[in-house]
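Q: Hi! Could you walk me through this structure, one piece at a time?

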Amino acid sequence: MTLVREKDGKRLHVKSRLMGESLVSKKFLSELDIAPQERLYPDVTVMKIGGQSICDRGAKVLPRLLKEIIGNRKKHKMLITTGGGTRSRHIYTIGLEMGMPTGVIAKFGSMISEQNALMIATLLSPWGGIKISHSDIVKLPTYFADGIIPVMHGMPPYDYFAIKPAVGRIPVHRTDVGLTILADLIGARNILFVKDERGLYTDDPKKNPGAEFIPEISVDELLARNQDDLVLERPCLEIIQNSEVIDQVQIINGMEDGNLTRALDDVLVAKSYRSEGALPWDIVIDQGKELYDYYGLGGAAFWDIWGPATWWVYGKEIMRGRWPKAGRGDIYQRGGDVIIDPSGQVRLHH
């Protein structure tokens with residue numbers, strides 16, 4: 001370490017690339033050469049269990065969802081966060097009526113989210129569920145080594161220092177933002193929002209039955225749409241856009257049995273496939289097969305899959321002592337090839 005004193009002798013600096021910089025210069029920051037961000041825990045799946053969408057439904061939904069989490073705990077490392085839900089909205093309303101500042105209202109929201117985290121952790125406790133604080137993130141490897149399912153409240157710890165929005169005083173950095181920041185922090189490859197909708201729509205499908213489902217979209221495209229309503233809190237988009245480690249997020253319907261398991265397993269298979277093939281590109285998982293339908297890739301007939309040629313191949317493998325594994329997913333779904341240029345034009349459809 002080298003110490004440097006200014007010529008007038010009044011200030012002492014540690015010699016570094018940031019020495020003497022104000023850290024607000026646009027030019028300096030744009031030219032600053034930094035190392036790529038490390039993925040601290042890339043194999044951890046971070047998921048948020050929605051407050052109003054899941055937790056508030058209690059015994060109607062939670063036992064089935066928690067059963068899926070328990071069933072996957074040996075295959076997947078899961079870090080769970082919780083939303084606030086209806087009770088957060090209620091305390092927000094009272095706080096706004098009483099003239100409370102944004103920071104106090106954000107603190108209210110943290111308390112409700114923490115209540116849901118305590119409930120989820122307690123329900124999971126016979127299978128290793130524990131409630132952790134934000135400062136316990138560095139202990140994740142130890143937790144997973146001991147078979148623990150960590151649960152924390154999803155509200156980011158702005159609390160009294162929450163930033164006032166341009167309109168009103170409802171905090172914009174709530175539990176969706178908390179999960180997104182957490183995913184960026186630990187470099188998680190699998191990010192799941194467990195809600196009561198299958199994903200993103202052109203409008204709120206609960207209020208507008210004519211809203212169209214959007215199976216996949218980039219952040220830039222979504223921002224350009226400037227939709228009135230979104231399934232995620234708006235600051236999540238900017239965080240994802242600026243992140244060096246977030247590739248994609250998934251929104252799944254936790255009301256339907258098996259969705260969580262499919263989301264966890266599909267990502268695991270995709271990771272393995274990409275690793276084994278040393279593929280340089282990202283893999284997009286289309287659980288609902290909307291893209292297959294869009295490009296006219298229908299299902300195969302029974303004899304297309306189980307014809308004589310299939311049995312001949314399987315028979316030879318069995319004779320060699322290699323028994324085939326059971327198929328996963330929809331084995332009748334046909335594949336296809338579509339090449340799309342950077343402008344979005346389809347150049348090949350086979």
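Q: What does Gly187 do just after helix 6?

A: Gly187 takes a positive phi of about 75° there, just after helix 6. Helices (H or I, at least four residues) and strands (E, at least two) are DSSP runs, numbered from the N terminus.

Q: Before we go on, what kind of model is this, and how are residues numbered?

A: This is a predicted model, where local features need pLDDT of at least 70, side-chain atom pairs count only at pLDDT 80 or more, and totals for chains, interfaces and linings use all residues. Residues are numbered from 1 along each chain as its sequence is written, and side-chain values use heavy atoms, with hydrogens and water left out.

Q: Back to helix 6, then. What span should its twelve residues have?

A: They should span 16 Å at 1.5 Å a residue, and the end C-alpha atoms of helix 6 (residues 175-186) are 17 Å apart, which agrees. The expected span is 1.5 Å times one less than the number of residues.

Q: Is helix 6 mostly covered or mostly open?

A: Mostly covered: nine of its twelve residues are buried. Buried means under 20% relative accessible area, exposed over 50%, and partly exposed in between (1.4 Å probe, protein chains only). Among the buried ones are Val177, Leu179, Leu182 and Ile186.

Q: What do those buried residues of helix 6 pack against?

A: They pack against several elements, including strand 3 (44-49), helix 4 (102-124), strand 6, strand 7 (190-195) and helix 8 (235-242). Contact here means heavy atoms within 4.5 Å.

Q: You mentioned strand 6. Why is it largely enclosed?

A: Strand 6 (residues 149-153) is largely enclosed by the rest of the structure because five of its five residues are buried. Ile149, Val151 and His153 point one way, while Pro150 and Met152 point the other way. In a regular strand the side chains alternate between the two faces of the sheet.

Q: Which strands pair with strand 6?

A: Strand 4 (residues 77-82) pairs with strand 6 in the parallel sense over three bridges, and Ile80 stands opposite Val151. Strand 5 (residues 129-131) and strand 6 also pair in the parallel sense over three bridges, with Pro150 as the bridge partner of Ile130. Two strands pair if DSSP finds at least two bridges between them.

Q: How does the chain get from strand 5 to strand 6?

A: It crosses through helix 5 (residues 140-145), and this β-α-β crossover is right-handed. That means that, with the strands pointing away from the viewer, the path from the first strand over the helix to the second runs clockwise.

Q: Changing topic: which residue in the loop between strand 6 and helix 6 has a positive phi?

A: Asp159, which sits in that loop. Its phi is about 45°, although Asp159 is not a glycine.

Q: Buried or exposed?

A: Asp159 is buried, with a relative accessible area of 17%. Asn226 also has a positive phi, near 50°, and lies in the loop between helix 7 (219-225) and helix 8. Asn226 is exposed, at 63% relative accessible area.

Q: And the chain as a whole, how many helices and strands?

A: Twelve helices and twelve strands. Of the 350 residues, 37% count as buried, and the C-alpha trace spans about 85 × 55 × 45 Å along its principal axes.
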